[in-house]
Amino acid sequence: MAKLNESDIAERMPTVPGWAVIEEEGINRLQRVFTFGDFTEALAFTNRVGELAEHADHHPRIVTEWGRVTLTWWSHDQGGIVAKDFEMAKRVDAG
C-alpha cells in the first residue's frame, strides 16, 4: 500500500464529500468532523467506526467529544494518505 501523491489525492477527493486533507507534522491526513445531538450518539458512532476499522485492520485517530467525533485517516507506515484511507472514509460515510 503506497502513499498517494498530491495528484492521486486530488483525483480521489470528490469521492469523499465532507472530508478534507489536513497536514500535521509534515504528513497529509484525511479528516472529517461529524456532529451529533449528544455524547451518547457520538460514542455509538465511535464504536461503529471502531468495529469497521478492526475488521479492515486499518485504524484512524478518533477524537470523541460531546456531540462531536473527529476522524483522521493516514498510514503510519507510509507516512501519509493511502488508497485504503479513502476506502475507509467511504465505508464510514455509508454507515
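**Note on strands, one residue and a pocket**

1. Start with a facing pair. Val21 stands opposite Leu30, a residue of strand β2. Keep in mind that this is a predicted model.

2. That pair belongs to a longer match. Strand β1 covers residues 20-24 and strand β2 covers residues 27-35. The two run antiparallel, and 5 bridges join them.

3. Now look at the turn. β1 and β2 make a hairpin, with 2 residues between the strands. Glu25 sits in this turn and has a positive phi of about 55 degrees.

4. β2 has another partner. It is joined to β4 by 6 bridges, and these two strands also run antiparallel. Phe34 gives an example: its bridge partner in β4 is Val69.

5. Stay with β4, which spans residues 68-73 and includes Thr70. Is Thr70 buried or exposed? Its relative accessibility is 10%, so Thr70 counts as buried; the cut-off for buried is under 20%.

6. Which residues does Thr70 touch, leaving aside neighbours within four places in sequence? Thr70 is in contact with Gln31, Arg32 and Val33. Its other contacts are Arg61, Ile62, Val63 and Glu65.

7. Last, the largest pocket. It holds about 150 Å³ of space. Met1, His58 and His59 help to line it, along with Trp74, Ser75, His76, Asp77 and Gln78. By type, the lining has 2 nonpolar, 5 polar and 1 charged residues.

Conventions
Residues are numbered from 1 along each chain as its sequence is written. This is a predicted model: local features need pLDDT of at least 70, side-chain atom pairs count only at pLDDT 80 or more; totals for chains, interfaces and linings use all residues. Side-chain values use heavy atoms; hydrogens and water are left out. Helices (H or I, at least four residues) and strands (E, at least two) are DSSP runs, numbered from the N terminus. Buried means under 20% relative accessible area, exposed over 50%, partly exposed in between (1.4 Å probe, protein chains only). Contact means heavy atoms within 4.5 Å. On a 1 Å grid over the protein atoms alone, a cavity is a set of points where a 1.4 Å probe fits but cannot get out, and a pocket is an open set with protein on both sides within 12 Å along at least five of seven lines; lining residues have an atom within 4 Å of a point. Grid points are joined across faces, edges and corners, and a volume is the space filled by probe spheres set on the points. Ala, Val, Leu, Ile, Met, Phe, Trp, Tyr, Cys and Pro count as nonpolar, Asp, Glu, Lys and Arg as charged, and the others, Gly among them, as polar. Two strands pair if DSSP finds at least two bridges between them.
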